[in-house]
Amino acid sequence: STEGRLTINSIETMRKTSLPPCIRQLLDALQVDNKLKHDGRVHLWAFFKAAGMPLEDALKFTFTRMTAYANPEKEFKYNVRHVYGKEGGGKGVGAYGCSTKIKALPVEGQYQGCPFKHQRNLKQQLRNWGVKEVDIDKIKKKADDGHYQVACNQFFKSTHKDKEEKLDLITILHPNNFFDQSFDWNTG
Ligand code: SF4
């Protein structure tokens with residue numbers, strides 16, 4: 001079970017060590033603007049749920065970080081609970097996979113896509129996210145050639161140290177699969 005893998009207390013550390021680039025991009029945008037458009041919010045909450053973040057933490061995160069809205073608690077409590085399957089009688093929203101993110105068409109002001117496909121200053125992002133300088137052009141080239149998940153895999157390899165012999169076993173299939181493999185890597 002992924003229960004409790006991600007929490008409000010661990011998210012800032014995980015952001016530097018274990019979150020996939022697509023989620024880091026959402027958090028970077030949120031940090032600058034204190035808001036995210038609808039699709040970005042839902043992608044983030046669905047990722048949180050699948051990463052095992054407790055509902056209470058997802059609510060607290062939303063209320064304390066989406067401060068550009070007049071009353072984030074009033075505006076988003078139902079939506080977060082809905083994604084977690086606690087409202088509307090459904091099972092909630094499943095986390096979005098790479099193919100959905102790659103196919104998304106984020107417009108100006110939206111950040112829910114795959115940063116390797118919908119590039120916005122990718123090299124600077126990679127630098128900010130801790131990729132080694134020698135790897136930046138290599139990753140950018142894979143992204144430019146349309147090999148987005150391969151680029152993501154190389155990102156993983158560049159940002160995970162030690163246990164080099166295990167790197168060949170890493171395959172990125174899903175943003176949450178990126179997170180789970182990184183979590184296991186760093187705790188295993
Ligand atoms: Fe996220 Fe998948 Fe793109 Fe990696 S390849 S950044 S996990 S959407």
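Select Asp33 to begin. Asp33 sits in helix α2. Count its surroundings: Asp33 has 14 C-beta neighbours inside 10 Å, so it counts as partly exposed. Keep in mind that this model is predicted.

Now add Val131 to the selection. Asp33 and Val131 are separated by 98 residues in sequence. In space, their C-alpha atoms are 24 Å apart.

Next, select Asn34. You have moved into the loop between α2 and α3. Check the backbone here. The phi of Asn34 is positive, near 60°, and this residue is not a glycine. Is Asn34 buried or partly exposed? Asn34 is partly exposed, because 13 other C-beta atoms lie within 10 Å.

Go on to Asn121. Where does Asn121 lie? Look in the loop between α6 and α7, the latter being residues 122-128. Asn121 also has a positive phi, about 50°, without being a glycine. Asn121 has 10 other C-beta atoms within 10 Å, so it is exposed.

**The ligand**

Display the ligand and the residues around it. How many residues are around the ligand? There are 14. Pick out the ones that come nearest: Cys22, Cys98, Lys101, Cys114 and Cys152. Then colour the helices that give two or more residues to this shell. They are α2 (21-33), α6 (98-103), α9 (148-159) and α10 (175-187). Which element gives the largest share? That is α9, with 3 residues. Now colour the shell by residue type. You should find 12 nonpolar residues, 1 polar and 1 charged.

**The core**

Turn to the largest nonpolar core, which has 40 residues. Select Phe47, Phe48, Ala51, Ala58, Ala151 and Cys152, the members that touch the most other members. Cys152 is a stop you have already made, as one of the residues that come nearest the ligand. Which elements each supply at least two residues of this core? Show α2, α3 (38-50), α4 (55-65), α5 (72-83), α8 (133-144), α9 and α10.

Zoom in on Phe48. Set aside its neighbours within four places in sequence. What is left is contact with Leu6, Met53 and Ala58. Ala58 is among the core residues with the most contacts to other members, as is Phe48.

**The annotated span**

Select residues 13-179. An unreviewed UniProt entry annotates this span as "domain: DNA primase large subunit C-terminal". Find the two ends of the selection. Their C-alpha atoms lie 13 Å apart. Helix makes up 57% of the span, and strand 0%.

**The whole protein**

Zoom out and switch to a cartoon view. You will see 10 helices and 0 strands. Read along the sequence, the pattern is α-α-α-α-α-α-α-α-α-α. The radius of gyration is 16 Å, close to the 16 Å that the globule rule gives for 188 residues, so the protein is as compact as a globular protein of that length.

Rotate the C-alpha trace along its principal axes. The trace spans about 45 × 40 × 25 Å. Now colour by burial. Of the 188 residues, 32% are buried. Last, draw the contacts with a separation of 6 or more. Residues 24 or more positions apart account for 60% of them.

How values were computed. Residues numbered from 1 in each chain as written. Predicted model: local features only at pLDDT ≥ 70, side-chain atom pairs only at ≥ 80, totals over all residues. Near = placed C-beta within 6 Å. Helix = DSSP H or I, 4+ residues; strand = E, 2+ residues; numbered from the N terminus. Nonpolar A, V, L, I, M, F, W, Y, C, P; charged D, E, K, R; others polar. Core = buried A, V, L, I, M, F, W, Y, C linked by C-beta atoms within 7 Å. Buried ≥ 20, exposed ≤ 12 C-beta atoms within 10 Å, placed from the backbone. Contact = placed C-beta atoms within 7 Å. Rg over C-alpha atoms; globule rule 2.2 N^0.38 Å. UniProt positions renumbered as here; feature names shortened; annotations may be inferred.
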